[in-house]
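Please look over the structure shown here. A short report on its chains, helices and contacts follows.

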Amino acid sequence: MNAFSRWFGRYALWIYSILAFVFLLIPIAYTIVFSFNDSRRSNIVWRGFTLDNWTQVCNSQGVCEAFANSLVVGVVATILATILGTMIAIALVRFRFPFRNSTTLLLFLPMATPEVVLGAGLAAEFLTAGVQKGVVTVILAHTMFCISFVVVTVRARVASLDPALEEAGRDLYASPAQVFVRVTFPLLLPGIIAAALLSFALSFDDFIITNFNSGAFVTFPKYVYTAAARGIPAEANVIASAVFVIAIVFVVTSQVSSAAKRKRLAKQG
Amino acid sequence: MAFGAFGGTIAAPAEPAVRKRSRVALFLLLPGILYLALFFLAPLLSLVITSFQAPVEFGDIGQYQTAFRWENYTTVIGTYAPHILRSFVFAATATVAALLFSFPLAYFIGVTLRRFPLAQALALTLVIAPFFISFLLRTLAWKQLLSDESWFVSALHGLQLLPPGSHVTGTAFSVIFGLTYNFIPFMTLPIYTSLEKLDLRYVEAGGDLYASPASTFFRITVPLAAPGIISGALLTFIPAAGDYINASRDFLGGTDTAMIGNVIEANFLVLQNYPAAAALSLILMVAILIPVSVYVVRSGTDDLL
């Protein structure tokens with residue numbers, strides 16, 4: 001009985017997990033499948049397979065403009081947040097300074113605040129200051145909520161950095177600037193890239209904060225939200241599916257290559 | 001570390017050569033801190049000021065002046081008490097559902113797949129895969145999949161498992177279902193991080209000491225996974241409580257599923273009742289800050305990021 005229950009226990013977990021993965025992937029599969037739907041106005045009922053949505057993705061009013069807007073916002077906000085966040089991450093690990101705990105708290109709070117509060121707060125501030133909502137206010141908002149995530153990601157990398165490598169640079173008469181450019185920065189780069197990708201993903205998919213601060217400026221999620229009332233065109237599914245495939249290919253390739261690297265290192269060691 | 005658990009693997013910080021050139025530290029910190037002061041702290045202050053504002057006499061809709069109207073708070077609580085309550089019930093239910101869904105999955109990835117690093121990494125990718133497809137589109141996908149015309153719902157009707165004439169979408173169930181689905185990765189990843197480090201010898205010791213599997217599970221495995229469960233619960237509850245996509249009528253919600261996020265959006269962007277929206281936002285913020293500050297006090301500020 002004990003052997004049986006242990007056997008069952010092991011397989012039950014496998015079966016459950018496979019079903020759980022299938023469950024998580026259902027809406028993704030649905031979105032991709034319906035990007036090939038030969039739909040007219042509303043993309044709800046399956047009407048046959050077509051590639052037209054993919055080949056003429058910009059035909060649908062506004063989809064491509066919204067997508068381009070999201071790319072611009074994502075790139076600019078990512079650059080700003082990555083620079084500001086990386087600087088803070090280095091300071092947090094490498095320096096002792098007054099108000100250190102308050103600084104940590106200030107970085108933590110935006111992650112612990114509901115998006116609707118962040119969005120309404122910024123909108124109230126822009127309203128009071130008489131700032132016109134548009135692309136600039138969206139970029140300012142996205143940079144704000146990305147900074148904390150950059151700090152968390154880069155900080156882990158700074159903390160795992162071996163200080164001996166930088167010491168070696170100084171011992172070899174490199175100036176502090178040279179040590180940073182030739183030693184510290186290249187070692188931090190994987191962490192910085194990971195942080196930038198996370199920022200871009202957060203910015204690209206943000207709807208709630210954007211909705212409060214965009215005015216007439218339309219990002220891709222905002223386009224989908226507005227279109228939801230009258231039916232989403234299949235072209236929106238095309239863009240979401242393409243972004244999904246690119247992201248997955250990117251992540252899986254980096255995982256497989258780092259696994260291969262680990263194996264090589266293990267063999268050498 | 002708990003919230004940081006989400007950002008990736010964190011190595012134990014090797015005590016670095018701490019330099020005391022505070023001018024460099026200031027140069028590194030100041031731009032980012034000023035940015036957050038300007039676009040995170042100042043907006044919270046704006047919310048406080050706005051929440052007490054009074055309408056301009058004989059003014060247009062959306063015109064307010066600085067005042068000290070406490071009544072704004074009592075008014076919104078009186079008007080929107082059901083929405084506030086509903087947000088917390090929905091978010092709490094979704095958090096529990098996400099925990100029940102995630103724990104076995106996180107155990108599978110963190111413990112069962114432990115000897116296969118590549119399979120483990122790919123399984124984690126599957127968990128976060130929903131984040132790579134638009135939040136709004138994946139929610140709309142569920143709306144279609146749970147609509148009356150879908151084969152799933154017609155099958156339920158055919159088997160008479162659903163009362164005739166009833167719907168799945170537009171109900172409290174579908175909103176909680178959507179909240180659960182959308183925030184599952186926030187629950188699974190921190191629990192995985194805790195379980196991945198779980199020393200199986202403790203679990204074996206439980207068995208050796210004649211504890212039943214259930215008592216080993218609840219007295220050894222769960223307590224060791226507690227940090228992950230707590231941060232997972234916060235990471236799920238916070239966005240779920242403030243969400244207004246799932247509960248929106250164009251998505252999974254109906255006429256009587258509006259949550260606090262929906263009424264904040266409606267008051268701010270449609271009715272231009274900024275003081276009401278600001279007061280509701282601050283009520284939500286304070287309600288969230290209570291569990292968060294318990295968490296901060298217990299884990300200490302050093303481990304926050």
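A residue is buried if 20 or more other C-beta atoms lie within 10 Å of its own, exposed if 12 or fewer, and partly exposed in between, with C-beta atoms placed from the backbone. Helices (H or I, at least four residues) and strands (E, at least two) are DSSP runs, numbered from the N terminus.

This is a predicted model, in which local features need pLDDT of at least 70 and side-chain atom pairs count only at pLDDT 80 or more, while totals for chains, interfaces and linings use all residues. Residues are numbered from 1 along each chain as its sequence is written, and chains are lettered from A and ligands numbered from 1 in the order in which they are written.

**Two helices of chain B**

Helix α9 of chain B covers residues 260-270. Eight of its 11 residues are buried, so α9(B) is largely enclosed by the rest of the structure. Among the buried residues are Ile260(B), Val263(B), Glu265(B) and Phe268(B). They pack against α5 and α9 (208-213) of chain A. From chain B, α2 (71-110), α8 (213-242) and α10 (274-299) join in. Gln272(B), just after α9(B), has a positive phi of about 55°.

Helix α7 of chain B (residues 200-208) has nine residues, and the number buried is zero, so α7(B) lies largely in the open. Just after α7(B) comes Tyr210(B), with a positive phi of about 65°.

**Chain A**

Chain A has 11 helices and zero strands. Buried residues make up 44% of its 269 residues. The radius of gyration, taken over C-alpha atoms, can be set against a globule rule of 2.2 Å times the number of residues to the power 0.38.

| Property of chain A | Value |
|---|---|
| Radius of gyration of chain A | 24 Å |
| Radius of gyration of a compact globule of 269 residues | near 18 Å |
| Span of the C-alpha trace of chain A along its principal axes | about 70 × 70 × 40 Å |

Two residues are in contact if their C-beta atoms, placed from the backbone, lie within 7 Å. Among contacts in chain A between residues at least 6 apart in sequence, 77% join residues at least 24 apart.

Domain bounds come from an automatic or database domain assignment. Chain A is split into domain 1 (1-60 + 234-255) and domain 2 (61-232). Their C-alpha centres lie 28 Å apart. Domain 1 of chain A gives 10 residues to the contact, and domain 2 of chain A gives 10 residues.

**Where the chains meet**

How many residues of chain A are in contact with chain B? The number is 83, and they meet 80 residues of chain B. α11(A) gives the most to the side of chain A that touches chain B, with 13 residues. By class, that side has 63 nonpolar, 13 polar and seven charged residues. Ala, Val, Leu, Ile, Met, Phe, Trp, Tyr, Cys and Pro count as nonpolar, Asp, Glu, Lys and Arg as charged, and the others, Gly among them, as polar.

One helix pair spans the two chains. The axes of α10(A) (residues 220-228) and α4(B) (residues 135-145) come within 9 Å and cross at roughly 30°. Axes are lines fitted to C-alpha atoms, for helices over the stretch in contact, and angles run from 0 to 180 degrees between N-to-C directions. α10(A) and α4(B) are therefore roughly parallel to each other. Angles under 35 degrees count as roughly parallel, over 145 as roughly antiparallel, 65 to 115 as roughly perpendicular and the rest as oblique.

Pro221(A), Val224(A), Tyr225(A) and Ala228(A) meet Phe135(B), Leu136(B), Leu137(B) and Leu140(B). This contact has eight nonpolar, no polar and no charged residues.
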